[in-house]
Amino acid sequence: MFKACQIFVRSLTMSAAKIPEVVFVLGGPGAGKGTQCNNIVQKYGYVHLSAGDLLREERTKPNSEFGELIENHILNGTIVPVEITCSLLDRAMQNSKNPNKKFMIDGFPRNEDNLQGWTKAMTGKAEIKGVFFFDCSKEKCMERCLNRGKKGSGRSDDNEDTLRKRLDNYVTDTVPIIEHYENLGLVYKFNSMQSPKNVFLDVQEAIEKIGW
Ligand code: UP5
Ligand code: MG
């Protein structure tokens, strides 16, 4: 009888447990995705998962079978196959100790392969609350990343050659994904050419709108 009660209570708890909520954070290289996610972490305590950071971390693991492949993609500004990125994101979400279950997924999905892969693997496992789109000119993106490189970001892709490729791939691959979510009414667009402080004021308004 006691055992039956335990199972009943556990199943009640499981059905009441909410699935994680996700906001995708998109925009060109240097648009300020990471900067604004950090602001959100500080003010709201939500979880920031940068797909790029997870890939860079995986790349440096000595026993990773994907290290070389990831580095080649990063250096060429091309996009890592979704199976790798999505499994890193899924694992990071599952391992998160944060009780909020509110995740900002930064820099993903960046192409059709990412979108299809996420839909296949994560439907029913996460709810997409919105897409934050940081809109910034190509020139500004280039300038910010080059400055960051000069200040010693240590990122192998903060150089002019790779940045041109990153920007081209952003326009060809990622902009259509933003348009896809725009058609679903999920996009919140920010003018990311303003000061970081003013961008964050707009971000806070959007967070209120989605009821986060
Ligand atoms: N800065 C920020 N906001 C500013 C503002 N409003 N005014 C003035 N300065 C501002 O900011 C960049 C710099 O600009 C900083 O110095 C900051 O102080 C300043 P940051 O917040 O870091 O910009 P962010 O948009 O995060 O730029 P990042 O370079 O990280 O964007 P990317 O999208 O290029 O990089 P990411 O790490 O996501 O991806 C790197 C590579 O990984 C990709 O090219 C790809 O090869 C690979 N990748 C995948 O394959 N799949 C994925 O899903 C993700 C990545
Ligand atoms: Mg970033």
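## An unusual backbone spot at Lys101

Let's start with Lys101, which sits in the loop between α5 (82–95) and β3. In this predicted model, phi of Lys101 is near 55°, a positive value in a residue that isn't glycine. Why does that stand out? Because most residues other than glycine have a negative phi.

## A cis bond in another loop

Move along to the loop between β3 (102–106) and α6 (112–122), and you'll come across Pro109. The peptide bond that joins Phe108 and Pro109 is cis, with omega at about 0°. That's worth a look too, because most peptide bonds are trans.

## The largest pocket

Now for the open spaces. The largest pocket has a volume of about 830 Å³. There are 38 residues in its lining, and the ones that lie nearest the centre are Lys33, Arg56, Arg110, Arg155 and Arg166. Sorted by class, the lining of this pocket has 17 polar residues, 11 charged ones and 10 nonpolar ones.

Which elements build this lining? At least two residues each come from α2 (33–44), β2 (47–50), α3 (51–60), α4 (67–76), α7 (138–150) and α8 (160–183). Of these, α3 gives the most to the lining of the largest pocket, namely five residues.

## Ligand 1 and its shell

So what takes up the space of the largest pocket? Ligand 1 does. Around ligand 1 there are 31 residues, and Thr35, Thr78, Val80, Arg148 and Arg166 come nearest. Arg166 therefore turns up twice: it's among the residues nearest the pocket centre and among those that come nearest to ligand 1.

The shell around ligand 1 takes at least two residues from each of α2, α3, α4 and α7. Here α3 again has the largest share, with four residues of the shell. By class, the shell around ligand 1 holds 14 polar, nine nonpolar and eight charged residues.

## Contacts with ligand 1

Zoom in on the atoms and you can pick out some polar pairs. On the side-chain front, an N or O atom of Arg144 is 3.2 Å from a nitrogen atom of ligand 1. The backbone joins in as well: an N or O atom in the backbone of Pro196 lies 3.4 Å from a nitrogen atom of the ligand. With His73, a backbone N or O atom is 3.5 Å from an oxygen atom of ligand 1.

How much of ligand 1 does the protein bury? Taken alone, the ligand exposes 1000 Å², and the protein buries 86% of that.

## A closed cavity

Besides the pocket, how many cavities of 30 Å³ or more does the structure hold? Just one. The largest cavity has a volume of about 40 Å³. The residues that line it are Leu26, Gly27, Gly28, Pro29, Lys33, Gly107, Arg110, Tyr170 and Thr174. Two or more of the lining residues come from each of β1 (21–27) and α8.

Split by class, the lining of the largest cavity has four polar, three nonpolar and two charged residues. Lys33 and Arg110 are part of this cavity lining, and both are also listed among the residues nearest the centre of the largest pocket.

Notes. Residues are numbered from 1 along each chain as its sequence is written. Chains are lettered from A and ligands numbered from 1 in the order in which they are written. This is a predicted model: local features need pLDDT of at least 70, side-chain atom pairs count only at pLDDT 80 or more; totals for chains, interfaces and linings use all residues. Side-chain values use heavy atoms; hydrogens and water are left out. On a 1 Å grid over the protein atoms alone, a cavity is a set of points where a 1.4 Å probe fits but cannot get out, and a pocket is an open set with protein on both sides within 12 Å along at least five of seven lines; lining residues have an atom within 4 Å of a point. Grid points are joined across faces, edges and corners, and a volume is the space filled by probe spheres set on the points. Ala, Val, Leu, Ile, Met, Phe, Trp, Tyr, Cys and Pro count as nonpolar, Asp, Glu, Lys and Arg as charged, and the others, Gly among them, as polar. A residue is near a molecule or strand if one of its heavy atoms lies within 4 Å of it. A polar contact is a pair of N or O atoms within 3.5 Å; within protein, one must be able to donate a hydrogen and the other to accept it, and residues adjacent in sequence count only if both atoms are side-chain atoms. Accessible areas come from the Shrake-Rupley method with a 1.4 Å probe; for residues, only the protein chains shown count as cover. A molecule sits in a cavity or pocket if more than half of its atoms lie within 2 Å of its grid points.
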